[in-house]
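Please open the structure in your viewer and keep the selection tool at hand. This tour moves from the whole chain to the interior and then to a single residue.

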Amino acid sequence: MHTLILGATGGIGAATARAFAAAGHTLTLSGRDGTRLAALASELGATGRAADVGFESHVRTLLEASPELDTLVYAAGAAHPEPLRDADPTHVRGVWNANYFGALWTLKHGLGRLAPGGRVYLLGARPELVTARGFSQYAASKAALARAAEVARLEHRGVGITLVLPPAVETGLWAQVGRVPRGALGPDAVARALVADRAGEAQAELRIDG
């Protein structure tokens, strides 16, 4: 099977790439960091294509260059936590581009490139875990992603579109906060759950527990 992973240079994205490679998938990987992307692609014998998901043109070009896909994983994300009174326009745009608009462009240009029985995985967030001070834009963008996924399922009934809802995951994102929450899962646990889910029937949500 051919799998495309966007946000492959992040913690969850890289772990997911390794897990799908171990399961025998042919991989196309994408991320903004060209150096890290090239190293990961070389490690896994994958195709690497750099793209900034904040630009629709980048996502469209990436997907148009890909052959027919069986699985599409959107693992890009950003947080930039700060109080509403201090909301920085650059940070706000960065969060929404990574968490929502990149996924929107991926659905727009990717759903039509999936083989019959194709699957899409979107990395979401549990509302009860992100409704916290400083996380207004992160929580709002992930809520918007969840609603967009619901509508996408109505419009594309032949495709499995799964919103992935892990607990806190130990990735570089927490460097923006200052510390990793106690009990956070490693990204490998999320990656294993995705691979296991891909072997079964499609579901609207994949809740991952420790």
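The stops below say what to select next and what is there.

**The whole chain**

Begin with the entire protein chain, and keep in mind while you look that this is a predicted model. If you switch to a cartoon view and colour by secondary structure, you can look for seven helices and seven strands. Followed from the N terminus, these elements run in the order β-α-β-α-β-α-β-α-β-α-α-β-α-β.

Now turn the chain as a whole and consider its dimensions: the C-alpha atoms fill a box of roughly 45 × 35 × 35 Å along the principal axes. The radius of gyration is 16 Å, which agrees with the value near 17 Å that a compact globule of 210 residues would have. Of the contacts between residues at least 6 apart in sequence, 66% join residues at least 24 apart.

**The surface**

Next, show the molecular surface, where the protein chain exposes about 10000 Å², with carbon and sulfur atoms supplying 52% of that area. If you then select the charged residues, you are looking at 21 positive and 19 negative charges, whose mean positions are 2 Å apart.

**The interior**

Hide the surface again, and turn to the inside, since 48% of the 210 residues count as buried. In soluble globular proteins, nonpolar side chains tend to be buried together. Select Leu 72, Val 120, Leu 122 and Ile 161, which are the residues with the most contacts inside the largest nonpolar core, a group of 29 residues. Several elements each supply at least two residues of this core, among them strand S1 (2–6), helix H4 (89–110), strand S5 (114–123) and helix H6 (136–155).

A second core, separate from that one, has 24 residues and includes Phe 20, Leu 40, Ala 75 and Ile 208.

Which residues does Leu 122 touch, if those up to four places away in sequence are not counted? Show its surroundings and you will find, including others, Tyr 74, Ala 103, Leu 107, Leu 145 and Ile 161.

**A last stop in strand S5**

Finally, select Gly 117, which lies in strand S5. Is Gly 117 buried or partly exposed? Its relative accessible area is 48%, and because partly exposed covers the range between 20% and 50%, Gly 117 is partly exposed. Apart from neighbours within four places in sequence, Gly 117 is in contact with Gly 158 and Arg 198. To end, draw a distance from Gly 117 to Ala 75, which are 42 residues apart in sequence and 21 Å apart in space, C-alpha to C-alpha.

Definitions and conventions:
Residues numbered from 1 in each chain as written. Predicted model: local features only at pLDDT ≥ 70, side-chain atom pairs only at ≥ 80, totals over all residues. Heavy atoms only, no water. Helix = DSSP H or I, 4+ residues; strand = E, 2+ residues; numbered from the N terminus. Rg over C-alpha atoms; globule rule 2.2 N^0.38 Å. Buried < 20%, exposed > 50% of the residue type's maximum accessible area, 1.4 Å probe, protein only. Contact = heavy atoms within 4.5 Å. Areas by Shrake-Rupley, 256 points an atom, 1.4 Å probe, with all protein chains shown as cover. Lys, Arg positive; Asp, Glu negative; His and termini not counted. Charge placed at Lys NZ, Arg CZ, Asp CG, Glu CD. Core = buried A, V, L, I, M, F, W, Y, C linked by side-chain atoms within 4.5 Å.
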